[in-house]
Structure formats: structure tokens, C-alpha cells
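Q: I would like to learn how to read strands and helices in a model. Please show me the sequence and structure.

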Amino acid sequence: MKERDDRLQTIRELIETDEVGSQNELVSKLRERGYNITQATLSRDLRRLGINKVATGYGYKYVLGTPHLYNAALEGESANKRHRAPVMSVDFSGNFAVIKTRNGYATGLAYDIDMSHSALILGTIAGADTVFAIIREGVSREQATRFFEALSEY
């Protein structure tokens, strides 16, 4: 248990101090620090820590916690890029909302929607640039739109 706790702390530190863009890179950095783990173990550790892989203007990187539309991942980019909304459009069909995002943002957005535990949304399915959100019966499109707008403000 102590070794796992130490390893989790090391992963946290690496994510906070280095720009880590892949699990292979993170496994290598952990091996340099004496942790010989598999990628499967690393995946479990990343989930346990709430670490997300998010798209940036220059690739991908891991960030701690649930970034609210990835402000943390966009550190260092120009203010113009930082304020470009990742949500491109929201359309509805019946009880489905189809949310188009910039490439690489859909998974994180779906996670944010799910973790909001909103009574308006039953769940989500995400691709690379599209989130399908299933809206609860009786929720109007206006209510859902306000929810998505509030979630995407930063």
C-alpha cells in the first residue's frame, strides 16, 4: 500500500511539473524514478487520481482533476487561443443533444457533464469531437441549452 501511495504521489508531481503527453512517456518517467509498472497499472492509477488527457493547441497533455473546459491544459497559449470555446455547436433530436467540440475535447466534456450529476441529463457518449447527451423526459431544449451554456462558461 505504501508503494502505491508513493507511486500515486510521484505521478501527481510529474503531471503538475512536466508536460506529459502519453502513457508511454509517463511510464518511462516513472521507471527513471524506480517504479517498474505496466501501462494497465498506470491507467488504473490515472483513473484513481482523476487525471485526464486533454487536447491543447500543440498536442495532448495530462492534467490533474476535472479541468473546467481545460483552462489548465491551455496554460501558456495565447489569450486568444485560451478563450476559444471548445464547444462548437449544440443540436437536438428528440431527447438527444449532439454537442460538437474541437477535436479531442469531447471525452473531457462528457466527463464534466456526467460528473455534474445534473437531473437534466441521463448520461453521455463521447467520440473525439462529438458528445451525445441523453436528456431526461420532460426537460425542455431551452433548459438543456442553459445547462450546456453554464457548463461551458469559463
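**Reading the strands**

Q: Along strand β4 (residues 96–101), which side chains point to one face and which to the other?

A: In a regular strand the side chains alternate between the two faces of the sheet. In β4, Ala97, Ile99 and Thr101 point to one face and are buried, whereas Phe96, Val98 and Lys100 point to the other and are not. Buried means under 20% relative accessible area, exposed over 50%, and partly exposed in between (1.4 Å probe, protein chains only). Strands (E, at least two residues) and helices (H or I, at least four) are DSSP runs, numbered from the N terminus.

Q: What kind of model is this, and how are residues numbered?

A: This is a predicted model, in which local features need pLDDT of at least 70 and side-chain atom pairs count only at pLDDT 80 or more, while totals for chains, interfaces and linings use all residues. Residues are numbered from 1 along each chain as its sequence is written, and side-chain values use heavy atoms, leaving out hydrogens and water.

Q: How many bridges join β4 to strand β3 (residues 87–93), and how many to strand β6 (residues 130–135)?

A: Two strands pair if DSSP finds at least two bridges between them. β3 and β4 run antiparallel, joined by six bridges, and Phe92 stands opposite Ala97. Five bridges join β4 to β6, also antiparallel, with Ala97 opposite Ala133.

Q: What do β3 and β4 form?

A: They form a hairpin with two residues between the strands, and Gly94 in the turn has a positive phi of about 60°.

Q: Where is Arg12 found?

A: Arg12 is found in helix α1 (residues 2–17).
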